[in-house]
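Please read the report below alongside the sequence and the model. It takes up a few local sites one after another, with the bound ligands and the strands among them.

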Amino acid sequence: MLQCSLCGTVVREDSLLWRCVCGAPLLADFSGTPPMDRSRICPAEQGMWRYASSLPLEKPEEKVSFGEGWTPLVREEWNGMNLFLKLDYACPTGSYKDRGMAYLVSRLRDQGISEVIEDSSGNAGASMAAYCARAGIRCRVFVPAYTSEGKCVQVASYGADLERVPGSREDTTRAAEKAAETVFYGSHNWSPWFAHGIKTFAFELWEQLGFTAPEAVLLPAGQGSLVLGCALAFEELLSSGEIETLPKIFALQPKNCAPLEEAFRKGSPSPERVEKRETIAEGISSAEPVRGRDVLAAVRKTGGAVLSFSDREIWDGFVKLARRGYFVEPTSAIVGAAAEMLSRDGSVGGKRPVAAVLTGSGLKGSGKILSLFSSPPED
Ligand SMILES: *Cc1c(COP(=O)(O)O)cnc(C)c1O
Ligand SMILES: [Zn+2]
């Protein structure tokens, strides 16, 4: 069963609706699935599928997977902060999106869908294209024309049809929604399943930290899938009694496009309208996050915050991470900027672990990174 996140309307799971008739996103009903606890872990399964008991499928043996997940967790001391970096750029297509896509595309196969449309700033499209190639599902990916070449080449190489749309990220979404009048719209942002795949990174954090929750989690946020996945996971662990408090979630946005941060600061329940400017954090440049209300509520519930950073700070974060041996895309480097700020003002963590996800590989954007070295952002 699917249910509207706003008006509560119930929609059948095999329906091809991708949003409620009222326009709001749908949520999946997981009330029949027991919350994760350590007795439910399945060590015989590969990667994130050790938590398969929290990812229900009609035919679990036919899931669409490359063994994604169970990525390394590496400790760094960052100005005295006890920082744990989750290396999700080591996923099969080079970004954390693979966790959500493995579950989403498995669901599409359960439903017998043979053709799908996705729109993306790049990494989700690449991931969808790879998982559809594995599942034998035809895939059309819409990306903004400014998307890094590496990501476009990757989408096309997997055999998906690539549509480059001039204009903004929002123009890309409108083009995809138009095309979706005749083909199933598998958008990861609207999907009720995607965030449940993402939640596995947080189960891993908990297990890799010796079955404890970190004090705080630093997450890049555009649409907010990491925030939603993180909240789902730790809510499950709280309700099964595995942890006693939710970790504080810090959702990180570029100053040049920060609708969630503005709303957080003003105390409003839904994303603010913003005048979006170009940013080096292309993967989180989302002016209209479709689940923004839920993202804001999730952050507030944990006592965390939504913070924003200038391109200059994000670039400094990139350089600091790279000098320690992490080659991530500039989008992901926003966690370096946040670690820098929070460790210096001492407000978060103390000696307790703070976790951060490194979401995407720098290899896809090396052309852009090269030009940033010669002309770094000024503010
Ligand atoms: C997609 C993406 C994000 C953030 O995802 P949202 O769900 O839009 O918040 C962060 N980093 C990278 C590298 C991404 O590709
Ligand atoms: Zn509704």
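## Two residues with positive phi

In this predicted model, Phe211 is partly exposed, because its relative accessible area of 24% is neither under 20%, where a residue would be called buried, nor over 50%, where it would be called exposed. Phe211 belongs to the loop that connects helix H6 (200–208) with strand E10 (216–220), and its backbone has a positive phi of about 60° although the residue is not a glycine.

Asn79 is another non-glycine residue with a positive phi, here of about 50°. The loop that holds Asn79 runs between strand E4 (73–78) and strand E5 (81–87), and with a relative accessibility of 37% Asn79 also counts as partly exposed.

## The loop between E3 and E4

Ser65 is placed in the loop between E3 and E4, where its relative accessibility of 13% makes it a buried residue. Its side chain has polar partners of two kinds: the side chain of Trp49, with which Ser65 makes a polar contact at 3.4 Å, and the backbone nitrogen of Gly67, which lies 2.8 Å from a polar atom of the Ser65 side chain.

Trp70 is likewise found in the loop between E3 and E4, but this residue counts as partly exposed, at 36% relative accessibility. Although Trp70 and Gln46 are 24 residues apart along the chain, a separation of 8.1 Å is found between their C-alpha atoms.

## The zinc site

Which residues coordinate the zinc ion (ligand 2)? The donors are the SG atoms of Cys4, Cys7, Cys20 and Cys22, at 2.3 Å, and the spacing of these donor residues in sequence is C-x2-C-x12-C-x1-C. Cys4 lies in strand E1 (residues 2–4), whereas Cys20 lies in the loop between strand E2 (10–11) and strand E3 (26–28), so this pair ties together parts of the chain that are 16 residues apart in sequence.

The angles among the four donor atoms range from 107 to 117°, and the site of the zinc ion (ligand 2) is tetrahedral. For comparison, the ideal angle for four tetrahedral donors at a metal is 109.5 degrees. Two of the donor residues can also be described by their accessibility: Cys4 is buried, with a relative value of 5%, and Cys20 is buried as well, with a relative value of 3%.

## The surroundings of ligand 1

Ligand 1 is surrounded by 16 residues, of which Lys97, Gly222, Gly224, Ser225 and Thr359 are the closest. Oxygen atoms of ligand 1 have polar protein atoms as neighbours in several places. A polar side-chain atom of Tyr96 is 2.8 Å from a ligand 1 oxygen, and an N or O atom in the Lys97 side chain is likewise 2.8 Å from an oxygen atom of the ligand. In the case of Gly224 the backbone is involved, with an N or O atom that lies 2.7 Å from an oxygen atom of ligand 1.

How much of the accessible area of ligand 1 does the protein cover? On its own, ligand 1 has 380 Å² of accessible area, and the protein covers 97% of this.

## Parallel strands

Strands E8, E7, E6 and E9 form an open, four-stranded sheet in the order E8-E7-E6-E9, with parallel pairing. Strand E8 (161–165) and strand E9 (184–185) are the edge strands, each of which pairs on one side only. Within this sheet, strand E7 (residues 138–144) is joined to E8 by five bridges, and the two run parallel; Arg140, for instance, has Asp161 in E8 as its bridge partner. In general, the strands of a sheet pair through backbone hydrogen bonds, in either parallel or antiparallel fashion.

Strand E11 (residues 248–254) and E12 also run parallel and are joined by five bridges, with Ala305 in E12 as the bridge partner of Phe250. Why is strand E12 (residues 305–309) described as largely enclosed by the rest of the structure? Five of its five residues are buried, and strand E12 is therefore largely enclosed. Both faces of E12 are covered, since Ala305, Leu307 and Phe309 on one side are all buried, as are Val306 and Ser308 on the other.

Methods:
Residues are numbered from 1 along each chain as its sequence is written. Chains are lettered from A and ligands numbered from 1 in the order in which they are written. This is a predicted model: local features need pLDDT of at least 70, side-chain atom pairs count only at pLDDT 80 or more; totals for chains, interfaces and linings use all residues. Side-chain values use heavy atoms; hydrogens and water are left out. Two strands pair if DSSP finds at least two bridges between them. Donors are N, O and S atoms within 2.8 Å of the metal (3.2 Å for Na, K and Ca); water is not among the atoms, so sites may look incomplete. Four donors count as tetrahedral if all angles lie between 85 and 135 degrees; four count as square planar and six as octahedral if opposite donors are over 155 degrees apart and all others between 65 and 115; anything else is irregular. Buried means under 20% relative accessible area, exposed over 50%, partly exposed in between (1.4 Å probe, protein chains only). A residue is near a molecule or strand if one of its heavy atoms lies within 4 Å of it. A polar contact is a pair of N or O atoms within 3.5 Å; within protein, one must be able to donate a hydrogen and the other to accept it, and residues adjacent in sequence count only if both atoms are side-chain atoms. Accessible areas come from the Shrake-Rupley method with a 1.4 Å probe; for residues, only the protein chains shown count as cover.
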